[in-house]
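Please examine the sequence and the structure shown below before reading the report.

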Amino acid sequence: MSAYLDNISTTPIDPMVRDLMFQVMAKPHNPHVSYHPFGAKGAEIIEVARGQVAAAVGAKAGEVFWTPSATAANNLAVQGIAFGRQKKGRHIVTTAIEHPSVLEPCRSLKAAGFEVDYVAPDRFGVVSAESVLNAVRDDTILVSVMAVNNVIGSIQPVQEIAAGLGKKGPLLHCDAVQAAGKIPLDFLADVDLITLSSHKVYGPLGAAALVVRSKRGILPRPIVVGGGQEEGIWAGTVNVPAVAGFGLAMELASANLEGESSKISALASELERGIKEALPGSFRNGRAGTRVDHIVSMTVQGVSGETLIAALGRAGVAASVGSACSGTGSGPAQPSYALLAIGLTRQQARSTLRFGLGRFTTLDDINAALHVINNLLFISK
Amino acid sequence: MDNKSVYLDNNATTALAQEVLEAMLPYLREQFYNPSSSYPEAKGPRDAIEAARESVARLLGAGAKSEILFTSGATEANNAALWGVLRANPDRRHIVTTQVEHPAVLEVTKELERNGYRVTRLGVDRDGTLDKVELLQAIEKDTAIVSIMHGNNETGVIFPIAELSRIVKAVDSKVVFHTDATQTVGKIPLNLTKGLPDVDILTLSAHKLHGPKGTGAMFVRRGVRWRPWLIGGHQERSRRAGTENVAGIVGLGVAARLAMHNFVQETRLKLLRDKLEAAILEAIPNVFVNGQNAERLPNTTSFAFEYVEGESILLALSDAGICASSGSACTSGSLDPSHVLKAMHIPFSAAHGSLRISTSRYTTEAEVQRLIDVLPGIISSLRRISPYWDNETNAPRADVDVFVQEKYR
């Protein structure tokens with residue numbers, strides 16, 4: 001691969017994180033065994049990591065619960081709060097552009113008698129705090145709004161929503177998978193439940209967390225039960241090396257945030273400029289100010305998205321049409337529902353490329369992508 | 001925790017096999033791609049997942065690799081198995097299971113009861129075996145699923161699931177038969193096509209067979225009515241959502257292949273186990289082996305030492321550099337005797353002194369010998385300070401039955 005520009009789908013593991021994982025993998029740690037040193041050491045490792053993840057979102061260590069993936073954490077947040085609080089009401093508010101791991105559990109709740117409102121975004125991919133708060137009813141038990149949309153890169157007004165909801169009423173859940181390590185996370189201070197993923201912040205696959213703030217004293221009802229690990233919130237032997245890696249990855253992400261952001265911002269502008277120049281009429285989705293730099297969603301003109309992505313692929317440049325989660329590697333890409341929700345036509349949505357810039361992205365990577373695009377035009381002319 | 005530690009707690013977790021670790025490394029380095037991505041590089045991880053699926057299918061003797069799906073572990077798989085079957089068969093509200101299941105099944109059935117389902121839990125006899133007639137009688141008109149583990153994690157007792165599943169199907173072919181085979185997969189050969197044709201769903205964990213933590217698998221026989229549990233992604237053909245833990249899955253695949261090559265070790269481990277049991281029963285009074293008369297896993301021994309505390313044995317062993325367990329990792333920390341020994345009617349005074357030794361293919365004879373060398377001394381020094389023990393006669397106090405007031409709650 002000559003240029004990896006798909007850091008939204010997954011990120012390479014940071015070498016420091018990898019080194020730590022390899023050390024941990026060398027021993028048979030089961031953190032749930034209390035009477036021998038391998039067990040005790042395993043428990044210590046995951047507690048260190050818990051502290052690291054907690055620090056990144058200003059939470060207490062005891063408020064961090066490990067799950068095997070962000071999908072699992074989102075399933076737990078939505079279903080666990082819904083079933084745990086159904087006596088208080090059966091209404092949920094979310095947005096039309098959430099990740100499928102929030103939307104599918106919401107849809108499945110319909111069969112159990114819940115009602116869900118899906119708030120639409122504006123044409124820049126932002127839902128207004130007002131429209132979310134207006135959708136809240138007396139029987140609303142949960143509001144779930146992502147921090148950063150994974151297709152467009154638009155930033156949602158989570159802090160405003162939290163302020164509007166106040167300390168009573170529905171709980172607020174935020175899927176912050178695409179925000180962590182990319183923008184400062186202080187806006188999560190008053191969010192009740194937060195989903196974080198390891199493999200989007202240069203940590204390994206197989207680790208994620210649901211942060212549940214204790215001030216409301218409400219825990220989701222578990223959806224995977226058994227040995228009582230994670231205080232019963234998510235049972236199963238914890239994946240110690242992955243969790244260790246996740247902890248360090250979160251710490252590094254917070255530490256590197258400032259330096260990384262300015263570099264990525266410059267590279268993103270260059271990519272946007274280059275594509276607009278090569279393909280006049282192309283535009284970047286979202287709006288400066290309410291969008292993250294590291295997600296560059298470009299609706300291109302003059303060439304089909306499919307042709308372009310194939311040419312990029314052949315040249316070893318990784319980018320995507322839509323998101324990895326909305327189609328299999330082999331099947332034809334469906335137009336992204338998030339792009340349709342901001343008013344793109346199906347044709348435009350199919351011609352929208354998503355570039356994910358990251359810690360290891362260089363100007364050479366950007367130039368490689370632009371080179372492919374320019375070459376393609378040259379050949380087709 | 002030096003290299004000289006003797007690790008005899010392989011039913012809790014196993015060390016990664018070197019081959020497994022090496023196979024995982026590329027997927028933690030340059031092959032980091034999301035398998036769902038469309039560019040050519042992502043084909044590497046995608047193919048690796050399919051190769052692992054093939055290996056697991058082969059280890060289990062599954063008819064098709066599409067019957068295997070990967071999860072984050074056996075606990076998730078067990079939850080998915082039970083809930084998934086009940087969701088797909090809404091008219092059936094009854095579950096049959098046993099009293100000695102792993103918490104990952106036991107706790108799900110408790111949760112199901114809280115949700116209005118009915119659960120029948122079959123008991124076991126003193127040897128830990130099930131009564132087949134009782135199973136037959138337990139099946140009701142609206143039984144959705146029978147969940148019976150294959151090998152018990154605490155005692156190593158193996159249930160004859162081929163026969164049990166046949167019985168269930170004979171009564172009602174629509175009842176789904178699930179087995180949690182976490183402790184048997186990789187330790188004893190099994191074949192879902194020829195040997196276990198009536199088993200519909202089988203669950204397993206990678207880290208019990210020298211694979212990594214964070215990965216498990218589920219066999220779901222083609223045609224079985226079942227609905228996915230984690231949703232919101234097309235992964236695993238929409239049967240289990242979430243980006244695949246590629247390195248973990250690759251590790252499980254290699255662990256499965258290694259296990260197939262190592263079934264020859266079964267005899268050696270059995271001999272090692274028998275040697276250990278004979279030596280301890282010979283050297284120490286008032287001890288027995290739980291489930292000794294039942295068919296058991298080749299790697300597991302559950303000792304019950306009367307009138308000593310299991311926890312004290314473990315601490316003393318730990319000081320001697322030996323890692324073992326009192327029951328299961330998942331219930332240790334609690335002072336209650338294990339639910340498994342309780343179900344077997346092991347007396348309270350003995351169940352409290354239980355010690356589980358679980359070996360692996362990497363366990364050497366010298367390591368087991370080290371246990372044989374230190375254990376008699378540990379037990380006798382603990383008994384010297386036990387209020388139930390008479391040091392004069394080196395036997396329990398004559399009035400011990402009156403003295404032991406504690407009973408199962």
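The report that follows treats the interface between two chains, then the cavities, and finally the salt bridges.

**The interface**

The structure is a predicted model. In this model, 61 residues of chain B are in contact with 62 residues of chain A. The size of an interface is often given as the accessible area lost when the parts come together. For chain B and chain A, the buried area is about 5,100 Å², and 64% of it lies on carbon and sulfur atoms.

What kinds of polar pairing are found across the interface of chain B and chain A? Ten residue pairs are in polar contact there, both residues of each pair being at pLDDT 80 or more. Four helices of chain B, namely H1 (18-28), H3 (74-88), H4 (103-114) and H10 (310-319), each supply at least two residues of the side that touches chain A. H4(B) gives the most to this side, with five residues. By class, the side of chain B that touches chain A has 27 nonpolar, 23 polar and eleven charged residues. Across the interface of chain B and chain A, however, the rule finds zero salt bridges.

**The cavities**

Rolling a probe the size of a water molecule over the atoms shows where empty space is left. By the rule used here, there are twelve cavities of 30 Å³ or more. The largest cavity has a volume of about 400 Å³. It is lined by 34 residues, of which A:Gly236, A:Thr237, B:Ser72, B:Gly73 and B:Thr75 are the closest to its centre. Two elements give two or more residues to this lining: strand S2 (64-67) of chain A and H3 of chain B. H3(B) provides the largest share, four residues.

The table sets out the classes of residue in the two groups described above.

| Group of residues | Nonpolar | Polar | Charged |
|---|---|---|---|
| Side of chain B that touches chain A | 27 residues | 23 residues | eleven residues |
| Lining of the largest cavity | ten residues | 19 residues | five residues |

H3 of chain B appears in both settings: it supplies at least two residues of the side that touches chain A, and it also contributes to the lining of the largest cavity.

**The salt bridges**

Side chains of opposite charge can pair when their charged atoms come close. Over all chains, a search of the whole structure finds 36 salt bridges. One example is the pair B:Asp47 and B:Lys43, whose closest N and O atoms are 2.9 Å apart. Because these two residues are four residues apart in helix H2 (residues 43-60) of chain B, about one helical turn separates B:Asp47 from B:Lys43.

How values were computed: Residues are numbered from 1 along each chain as its sequence is written. Chains are lettered from A and ligands numbered from 1 in the order in which they are written. This is a predicted model: local features need pLDDT of at least 70, side-chain atom pairs count only at pLDDT 80 or more; totals for chains, interfaces and linings use all residues. Side-chain values use heavy atoms; hydrogens and water are left out. Contact means heavy atoms within 4.5 Å. Buried area is the accessible area (1.4 Å probe) that two parts lose on being put together, summed over both. A salt bridge is a side-chain nitrogen of Lys or Arg within 4 Å of a carboxyl oxygen of Asp or Glu. A polar contact is a pair of N or O atoms within 3.5 Å; within protein, one must be able to donate a hydrogen and the other to accept it, and residues adjacent in sequence count only if both atoms are side-chain atoms. Ala, Val, Leu, Ile, Met, Phe, Trp, Tyr, Cys and Pro count as nonpolar, Asp, Glu, Lys and Arg as charged, and the others, Gly among them, as polar. On a 1 Å grid over the protein atoms alone, a cavity is a set of points where a 1.4 Å probe fits but cannot get out, and a pocket is an open set with protein on both sides within 12 Å along at least five of seven lines; lining residues have an atom within 4 Å of a point. Grid points are joined across faces, edges and corners, and a volume is the space filled by probe spheres set on the points.
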